[in-house]
Structures are given as C-alpha cells and as structure tokens.
Amino acid sequence: MVDERVAANPFFNQSLTSVKEVDNNNEVLLSRENIFFLFQISLFMKQAVEAHNQLDLLRGHMIAVLFYQPSSRTYSSHVAAANWLGAMTVDLPAMNAFSSVTKGENLPDTVRSFEQTTAASAIVLRHPDDASSKIAKKFASVPIINAGSGTSEHPTQALLDLFTIYERKGSFDNQTVAFVGDLKFGRTVKSLAWLLAQVGKGNKLAFVAHPELQIPEDYLNSLPEEVSVEMHDSIEEVLKTADVIYMTRTQREWFEQHGMLDQLEQLDGTLRMTREYAERMKDDAIILHPLPRQTELRYGVDDNPRAAYFEQMRNGLYVRMALLAAIIRPDLTVAMLEGLVNGKS
Ligand code: NCD
C-alpha cells in the first residue's frame, strides 16, 4: 500500500453522488490522493471485520438507507457497514412498495422526511433516475451517498471495484481493463471506467459489446483524454491482453423503456466468460463482475484463480465502512485508527 498520508479527512461532510463529485473548493473528491486515503481506511476496516471487532466510530449516528430498486449486495453491505461501525440504521429496501412514494410523494419531500424523522447523519440512496442523487443532495442537509442512479452512475461500486484491482494487481495504473456486456444501460461500467481514467496512470480501457449495447458515444467523448480507449465486439479479442475483464449482465429492466424489448432475446448472452476463456487469460489477470449474473458468467469460472468477484463483493463492505466513517467523522485519519487499535484513544 502506497503511504501517501492525507493529514486531514477530505471526505468529511461530503456527498458522493458521482465519481465526478467536487468538494466545496471545486476539487475532485475522488482524486488519486483521496482514493489512497480511503483505501488505507478500507484496509483497516478489513482487519477489524476479519477480527470480529465491531467498532464504535459511528455510535450515536443514524444512517438512512433508501432503496427504490432491487438490490442484494449494495443494500446489505451498506446496512452491515453501518452496523460494524456501531451506527443505527433505518433501512427501507422497498421504497416503491411501502413508503409514501406510493401516495405520490416526490423525491425532495421523501429525502427531507427521512432526514427529519430519523435524524440521519447520512442518506444512502438507490433510485432509477439518473439525477436522483443530485436532486437529493440539493434538498437534504446531510451527505447523500449514491448507491446506484439510473443507467448512469454507481460510484460506491466503482470504489470497491478499484479497491479489488488495487489489492489483486497491486496497482490501478498501467492496466488494460476490458468491460464486457451491456455497456449501454449498465451503470457500474460507466463509473469504474471514469474512475480508472480520473485517478489511474497509463490505463487502457477496452469496451467489448454487441454494437447495439456499446458504451454511449457522448460518454466516450467526455472521458478524460489521458486514457486510451479501444472498442471490440468479441471477448476473444481481449483475452490475451486484458489484465482485468469486467463482465456485466444484460440490463433487461431498461429494454422495455427504451423500446428495445424485441431485441432482448437476440442480444442477451451473446458475450460469455466460460471456463475455457478464463483459462486462456494471462496468468495474473483477474475477472470481476458486480453481480448479479445471468448467463454471461458461467459457474465453471468460479474455481479459476482469476475469478475475483466474491472477494470483490466482500470488499464492498470494507470500502463502504471507510466511506461512511470518513463522511461522518471529521477526525478520521489513519493515525487516529492506529491509535484506536493501540488503545490510545
Ligand atoms: C449492479 C447495479 O445495481 O447496477 N449491481 C450491484 O450493485 N452490484 C449491477 C447490475 O445490477 O447488473
């Protein structure tokens, strides 16, 4: 782990609505330096959890977790992260079914209501609209963490993906990362690819998709210029060169809304990571997937040493613990955590 110590906690009282989030000084929040800070904290969280050591860093704080879309990993890891840190939670995984959203309440009122009724110190939000987190940030007076917005952003997923690359490959520089699957509607790819361009050095991004599901052109054109980009339509083309292959499922739920339902059968499962493909990858390459999977990631890949998607999801717990603690505790630094372990504070 690179020891680039940040003296003060740059995340305190900041929202994370996007990987492009800027702080009060108009500086990019997820800068290279700040990412190293967060990853050092994440490693500390990993040690604590693995030692079954519940922390009380957030004792006396409430976290509201509001989900308007289905989730397994992102929901459970945010709630678990709060619990491992000693915080309380009000967690609603079915906002569309059980909250006043069914009575037509809009997002600004809903966010303000949960902030008031729970005295939350931070709100975690998953919502089908691209702008949802930004709207919530405007109306809430506490930080908003975007846990997935529409087809555009999933910044905490990008953080845990990057952390996994960092841990497994020892660096997030000079990596060839191939993104495979539904890059049109998938939001995790857009956030991770952006982050690799924003904080990494010398990375190459390969977008591998059926032409109908390729990464949107306006997104591609807006990527930071330093990163190199290539386009492919078959996995074979990246098997030997990729350091990371990031598989994604076909995002069926968006097809109807975009008038593409008739193409679903034809486009679904055209790009698959099989046992044979996995074996042909570089020895030290890794396979990631945000999950859930459908047919694009065969179960036969799971026991290949390159498969990193189960530890990837565990890393979500550590990184989300680090983020929550950093957002809420102004005094959070690596030195402060070391003191905590040594019983000094
Ligand atoms: C992803 C999502 O919600 O965008 N899931 C997750 O958070 N791990 C990926 C997906 O649903 O395909």
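How much accessible surface does the protein have, and what share of it belongs to carbon and sulfur atoms? In this predicted model, the accessible surface comes to about 14,500 Å². Carbon and sulfur atoms hold 48% of that area.

The overall fold was described next. The protein contains 12 helices and 9 strands. Its radius of gyration is 20 Å, close to the 20 Å given by the globule rule for 345 residues, so the protein is as compact as a globular protein of that length. Along the principal axes, the C-alpha atoms fill a box of roughly 55 × 50 × 35 Å. Of the 345 residues, 57% count as buried. Among contacts with a separation of 6 or more, 75% are made by residues 24 or more positions apart. The protein carries 33 positive and 44 negative charges. The mean positions of these two sets are 4 Å apart.

Aromatic pairing was then examined. A pair of aromatic rings is described by the distance of the centres and the angle of the planes. The structure holds 13 aromatic pairs. One of them joins F39 and F163. Their ring centres are 5.1 Å apart and their planes stand at 80°. That angle is over 60 degrees, the cut-off for edge-to-face, so the pair is edge-to-face. F39 belongs to helix α1 (residues 32–50), and F163 to helix α6 (residues 155–169). The pair therefore ties together parts that are 124 residues apart in sequence. F39 is buried, at 0% relative accessibility. F163 is also buried, with a relative accessible area of 0%.

A second pair joins Y309 and F310. Here the ring centres are 5.2 Å apart and the planes meet at 55°, so the pair is tilted. Y309 has a relative accessible area of 0% and counts as buried. F310 is partly exposed, at 43% relative accessibility. Beyond individual pairs, ring pairs link F36, F39, F163, Y166 and F172 into a cluster. The F39–F163 pair described above thus has both of its members in this cluster.

Backbone geometry was considered at three sites. L291 and P292 are joined by a cis peptide bond, with omega at about 10°. P292 sits in the loop between β9 (286–288) and α11 (309–328). Positive phi values occur at H52 and at A119. H52 is not a glycine, yet its phi is about 55°. H52 lies in the loop between α1 and β1 (62–67). Its relative accessible area is 69%, so H52 is exposed. A119, likewise a residue other than glycine, has phi near 55°. A119 is found in the loop between α4 (107–118) and β3 (122–127). With a relative accessible area of 57%, A119 is exposed.

A119 also appears among the contacts of M62. M62 is placed in strand β1. Its relative accessible area is 12%, under the 20% cut-off, so M62 counts as buried. Leaving aside neighbours within four places in sequence, M62 is in contact with M88, T89, V90, T118, A119, A120, S121 and A122. By C-alpha atoms, M62 and G170 are separated by 35 Å. Along the chain, M62 and G170 are 108 residues apart.

A80 and L317 give another sequence-to-space pairing. They are 237 residues apart in sequence. In space, the C-alpha to C-alpha distance between A80 and L317 is 7.2 Å. A80 lies in helix α2 (residues 73–84). At 23% relative accessibility, A80 counts as partly exposed.

The final site is S149, in strand β4 (residues 144–149). S149 is buried, with a relative accessible area of 1%. Not counting residues up to four places away in sequence, S149 touches H127, D129, D130, S132 and R187.

Technical notes:
Residues are numbered from 1 along each chain as its sequence is written. This is a predicted model: local features need pLDDT of at least 70, side-chain atom pairs count only at pLDDT 80 or more; totals for chains, interfaces and linings use all residues. Side-chain values use heavy atoms; hydrogens and water are left out. Helices (H or I, at least four residues) and strands (E, at least two) are DSSP runs, numbered from the N terminus. The radius of gyration is taken over C-alpha atoms; the globule rule is 2.2 Å times the number of residues to the power 0.38. Buried means under 20% relative accessible area, exposed over 50%, partly exposed in between (1.4 Å probe, protein chains only). Contact means heavy atoms within 4.5 Å. Accessible areas come from the Shrake-Rupley method with a 1.4 Å probe; for residues, only the protein chains shown count as cover. Lys and Arg count as positive and Asp and Glu as negative; His and the chain ends are not counted. The place of a charge is taken as NZ of Lys, CZ of Arg, CG of Asp or CD of Glu. Rings of Phe, Tyr and Trp (its six-membered ring) pair if their centres lie within 6.5 Å; planes under 30 degrees apart count as stacked, over 60 as edge-to-face and the rest as tilted.
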